[in-house]
Amino acid sequence: MEDIEKKFPDKLEDVPVKFFKLISGESIIAYVHDEDNLDTIAIEEPMKMVMEDNLFGDEQQLVFSPYLPFSESKLHHMAVNNIMFETDVHLDIKAYYMKILLDQVEGIERDKLETSMAIRGNSSIH
């Protein structure tokens, strides 16, 4: 697994999240890393974006799903010739994307704690 050095911005506006429309027709959103390579773009946590009808069919909702759900690597290099265009995303969409990622991290940490407690027999030290 590649080591990823991040310098987190102070403001959501400065978080490098981009929207990509791929030549395959798929739409993805991802955290983008600065690189000097002109043939690829380094992305992390790519999510596929799809507009789906709700249960009643009267409205649509934006649905994010992991684009590479079984990948062990955190950093991916996407060939620029597979991209139709890229653009910045609206702040509300960026906030939603970041919330999904943070909720995933929180869930992983909670699972680790629960597993650790189960291994110790759910005992506590007083």
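A residue counts as partly exposed when its relative accessible area falls between the buried limit of under 20% and the exposed limit of over 50%. Tyr-96, with a relative accessible area of 37%, is therefore partly exposed. Please keep in mind that this is a predicted model. The points below walk through its aromatic pairs, a nonpolar surface patch and the surroundings of Leu-12.

**Aromatic pairs: Phe-19 and Phe-85**

- The count of aromatic pairs comes to three.
- In one of them, the ring centres of Phe-19 and Phe-85 are 6.0 Å apart and the planes meet at 45°, so this pair is tilted.
- Because Phe-19 belongs to strand E1 and Phe-85 to strand E6, the pair ties together parts of the chain that are 66 residues apart in sequence.
- The two partners differ in how they are covered: Phe-19 is buried at 17% relative accessibility, whereas Phe-85 is partly exposed at 41%.

**Aromatic pairs: Phe-64 and its cluster**

- Phe-64 and Tyr-96 also form a tilted pair, because their ring centres lie 5.0 Å apart with the planes at 55°.
- This pair links distant parts of the chain, with Phe-64 in strand E4 (residues 60–66) and Tyr-96 in helix H1 (residues 91–119), 32 residues apart.
- Phe-64 has 12% relative accessibility, so this residue counts as buried, while its partner Tyr-96 is partly exposed at 37%.
- Tyr-97 joins in as well: ring pairs link Phe-64, Tyr-96 and Tyr-97 into a cluster.

**A nonpolar patch on the surface**

- Which residues form the nonpolar patch on the surface? They are Ile-23, Met-84 and Phe-85, and together they have about 320 Å² of accessible area.
- Phe-85 sits in strand E6, which covers residues 83–88.
- Phe-85 thus appears both in this patch and in the tilted ring pair with Phe-19.
- A patch residue needs over 30% relative accessible area, and Phe-85 has 41%.

**Around Leu-12**

- Leu-12 lies in the segment before strand E1 (17–22).
- With a relative accessible area of 29%, Leu-12 is partly exposed.
- What does Leu-12 contact, leaving aside its neighbours within four places in sequence? Its contacts are Leu-91, Lys-94, Ala-95 and Met-98.
- For one of these contacts, Ala-95, the C-alpha to C-alpha distance from Leu-12 is 7.3 Å, although the two residues are 83 apart in sequence.

Conventions. Residues numbered from 1 in each chain as written. Predicted model: local features only at pLDDT ≥ 70, side-chain atom pairs only at ≥ 80, totals over all residues. Heavy atoms only, no water. Patch = residues over 30% accessible without salt bridge, like charges linked within 9 Å, V, L, I, M, F, W, Y side chains within 5 Å. Areas by Shrake-Rupley, 256 points an atom, 1.4 Å probe, with all protein chains shown as cover. Salt bridge = Lys/Arg side-chain N within 4 Å of Asp/Glu carboxyl O. Helix = DSSP H or I, 4+ residues; strand = E, 2+ residues; numbered from the N terminus. Buried < 20%, exposed > 50% of the residue type's maximum accessible area, 1.4 Å probe, protein only. Contact = heavy atoms within 4.5 Å. Phe/Tyr/Trp six-rings, centres within 6.5 Å; stacked < 30°, edge-to-face > 60°.
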